[in-house]
There are 2 protein chains.
Amino acid sequence: VSPPPRPPFNAWGARRPELPPEAADFLRRELDLPGGVRREPVALADVRLGASALPDAARAAFAAAGAEVRDDREARVLRAAGKAYPDLVRMRTGDASEAPDAVVLPPDADAVAAVLAACAEHGVAVVPFGGGTSVVGGVAPERGGFGSVIALDLERLDALRDVDERSLLVSVEGGLRLPELERRLGERGLTLGHFPQSYEYVSVGGAVATRSAGQASTGYGRVDELVDGVRLDAPAGTLDLAARPASAAGPELRELVVGSEGVLGVITRADLRVRPLPPERRYEGFAFASFAEGVEALRRVEQLRAAPDVARLSDEDETRVALAQSAGGPAASVARGYLRARGVAGGCVAICGWEGEADDVARRRARTAALLKAAGAVALGRRPGRSWVRGRYEGPYLRDALLDRGVFVETLETAATWSRLPAVYGAVRGAIAGALGPASLVLCHVSHLYASGASLYFTFLAGEAEDPIAQWRAVKRAATEAIVASGATITHHHAVGRDHAEWLPAEAGALGVLALRALKRELDPAGVMNPGKLLPAG
Amino acid sequence: VSPPPRPPFNAWGARRPELPPEAADFLRRELDLPGGVRREPVALADVRLGASALPDAARAAFAAAGAEVRDDREARVLRAAGKAYPDLVRMRTGDASEAPDAVVLPPDADAVAAVLAACAEHGVAVVPFGGGTSVVGGVAPERGGFGSVIALDLERLDALRDVDERSLLVSVEGGLRLPELERRLGERGLTLGHFPQSYEYVSVGGAVATRSAGQASTGYGRVDELVDGVRLDAPAGTLDLAARPASAAGPELRELVVGSEGVLGVITRADLRVRPLPPERRYEGFAFASFAEGVEALRRVEQLRAAPDVARLSDEDETRVALAQSAGGPAASVARGYLRARGVAGGCVAICGWEGEADDVARRRARTAALLKAAGAVALGRRPGRSWVRGRYEGPYLRDALLDRGVFVETLETAATWSRLPAVYGAVRGAIAGALGPASLVLCHVSHLYASGASLYFTFLAGEAEDPIAQWRAVKRAATEAIVASGATITHHHAVGRDHAEWLPAEAGALGVLALRALKRELDPAGVMNPGKLLPAG
């Protein structure tokens, strides 16, 4: 059995897409970039890495639990960081000084429990590690005052243990990666329908621990809506919540495990709702005269329960950049010409997708399309949909290419009620643009619809500053302060991690933070679990 | 402003429906009842009630917070119990010895906070009190080792504070009753769509605190799916979670407040998702050859996302009793004749309901009906639907009439995955019948559908034993042990209260109970909040 795919330590992908020359020219112009910049990341052999400080007694206890312990360079460097912009900047320059002291690979949930007990006993911090794709510092190997830290890699907890086709429920170990889960489900005609942009690497436990949302979550539901049961192994013991369709038995403990980001324990099993594999997947483009008009149209279809399974609406700038990126291609020029002819030049493009039985897709598609058209949309047909499907996981690969060229590029997301959404959009966009200065691009799309509101996902680019980490910190702070001030959530699907922890009190309140700390004290009395994440310092 | 309607202290309703003679004969025969029993409940003036032990200092602190304090007989006796069978048995015999020492009525959320702080300071237990309709001992005025207990009545927190029509969100104070909320929403063309059988009395805070499900929750969602934001006033402070459509900011604290049953604090505000008031409500009957066939048909429509908003399927015995109860009426005889002719005599009846715009209802109804017919259903038309609508809140009134006649009658509910449902049904039904003996009726229906499973709601009747409380306890234990052993939830929508607390560890696990205790210690350090509920003793 070969280990599951894992991104390189200093990039998202092993392959590096070339920017089309038009796209490179466009960015150079818009971001006022110097020409000819090429930055090569440092190779593994040249990465700076300290000696492992793992105590021998802990090492022996891990081995006694049946876990493999690795402290070779490759193993440690591969778990030294997640995939946020500052992670990549640091790793590209060869700084893995923060790397975990060892990587521990338990064979099953009981071994996880034993490893956690040993960590509590020997004072070793633990970072649960799945696909390692966190973009908020969620897997940063912080020691939290302890002398050492391990990456607890769940890759061997990869079983699909139970498939209940009558109840459309499957029981999955926490380390199983989504593509492999989909492959095994597909053999039985089923799908989880969870496709975050990190899909190629992400593990079930990681998705559950971070309240992940996928590209089709408007239809299939966020991961928190897919979890019916869950097992958390914590230093204090095991919390095993059986799958139940609904219950009124007090506070929903399952909702404490979902989103716990490794600070309470390790998610070793999830019982997930699945669906029949859709025979038909249909994606189409629609154009709107403006972002505001498009948002209104999406609000209407969602509130009339006529939403597509995938619904993504780019704002004017994101639409403009998307068209410019493929400026030379026939698709974009056809689209531009068509849009001009229909009077929506300078407008916004939305991608809508429906999945299911062919007749169901046709029926639902007709209903959504009629409502969108009544709200001013122009149908662009399937070509933009196919183009979106081709590129749906490409964003992070492009980021690698942009980093090579000295471009600062980052994303962040939030969600708010429909009433607040326009103000949140304006405030966050303004804050990011203000922090980056004039030679920057701030792009946004709505990607998830709810009856009471929607998400906003921002992508922003600029020339890399002399201190890119300071640049990143300044933008992050400006954006998050604007989010908090406008009554939106600090994160819609990236989670809190290390980067948002300082703002958790704005979301949960002082008493909410105390409640979470009380839970952590109970489940992790020694405080070894994922230090520095989720909860603010102090 | 007149106070909201409140049930009498010793019954569900002020009115007492007469049992039709055929129904009375049927029950006498089936339950082997002696003829001519008539039990009159004790009048208020004759109820046994101890002196109030509220400390003067606490009384003064409540008054200083702006709350009214009542310790007259009527106020105390009206909050002496909920509406479970043992509550009514006790109150009918005039035993209010457990009654709270005083009833405290704060004017707003800040006064609630001040009252709770005073209770913690002076060692006074607090039972939050809304409509008082708990059927699991949730409002039992237990002192929990303190010298006195108050009923904290929320009736003055009755404002509809904010209506956000764009986001379909409303902000409601915890004491507002559902009928009044629906009246005010109706004026704006909106509805919450939450109609539990206790609808006539229940408060928003009570519904949220108990994870209530209403008769139309298959369509509108359980109350836990309707809450976007919430405020909990606890002795340790205020937890104010703003309405957000979705978030990935850690464990969902809202889900700790929902279902907290008064043991962490008082729900003083809820931000609720509402919908446009449906211009059309259509309810119809369908017959199946057997309960098993009907369950399969409902599973199919739910998993194909074609479920009606209301879906209730009675088993063979519940169907037989429903037809017998109206034996002399033309509707039932028509229905019976029709069913015989179609070959489903001795089968089961389901009520399905759709609500919305007329064309939406027609479209959805056609889809459900086609799928049900393909699964063997016979359409019975609208007459059974109208009959169900007329009687939808009648159950507890009938219980009063049955108690007058010396009938033991109780209900309980659970939920399980579709795979387990048949076994759970058999086990629980057998356990109840076994505990009640041969001269009993055990009726069941499915009332809420989920992709992964459904609820089961049991109603059971027998002749009242010499010690009806002991009889009740024996049946409750037998049923709950069967539920736990078969992997179902201890409660689908009645909550844990006092009656199920002993079985919470079977649902939440030992570590789950410790986690809840840790939360309680943080939010209610003195332990004054609703003693004896939710958490098991010890």
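At 47% relative accessibility, A:Arg48 counts as partly exposed, a class that lies between buried (under 20% relative accessible area) and exposed (over 50%), computed with a 1.4 Å probe on protein chains only. The model is predicted, so that local features need pLDDT of at least 70 and side-chain atom pairs count only at pLDDT 80 or more, whereas totals for chains, interfaces and linings use all residues. Residues are numbered from 1 along each chain as its sequence is written, chains are lettered from A and ligands numbered from 1 in the order in which they are written, and side-chain values use heavy atoms, with hydrogens and water left out.

A:Arg48 sits in the loop between α1 (21-31) and α2 (56-64) of chain A, where helices (H or I, at least four residues) and strands (E, at least two) are DSSP runs numbered from the N terminus. Leaving aside neighbours within four places in sequence, A:Arg48 is in contact, meaning heavy atoms within 4.5 Å, with A:Thr93, A:Gly94, A:Asp95, A:Ala96 and A:Ser97.

From this loop we turn to the place where the two chains meet. The contact takes 78 residues from chain A and 78 residues from chain B, and the two chains bury about 6,000 Å² between them, 58% of it on carbon and sulfur atoms; buried area is the accessible area (1.4 Å probe) that two parts lose on being put together, summed over both. In chain A, the residues that lose the most area to chain B are A:Arg166, A:Pro251 and A:Leu511, together 12% of what that side buries.

Charged side chains also meet across this interface, where the rule finds eight salt bridges, each being a side-chain nitrogen of Lys or Arg within 4 Å of a carboxyl oxygen of Asp or Glu. One of them joins the side chains of B:Arg521 and A:Glu522, at 3.0 Å from N to O. Among the elements that give two or more residues to the side of chain A that touches chain B are β9 (237-241), α11 (291-303) and α19 (504-523) of chain A, and the largest share, 14 residues, comes from α19(A).

How are the two chains related in space? A rotation of 180° with 0.0 Å of shift along its axis superposes chain A on chain B with an RMSD of 0.0 Å, the fit being made by least squares on the C-alpha atoms of residues with pLDDT of at least 70 in both copies. That is the relation of a two-fold axis, and the same surface serves both copies, since 100% of the contact residues of chain A recur in chain B.
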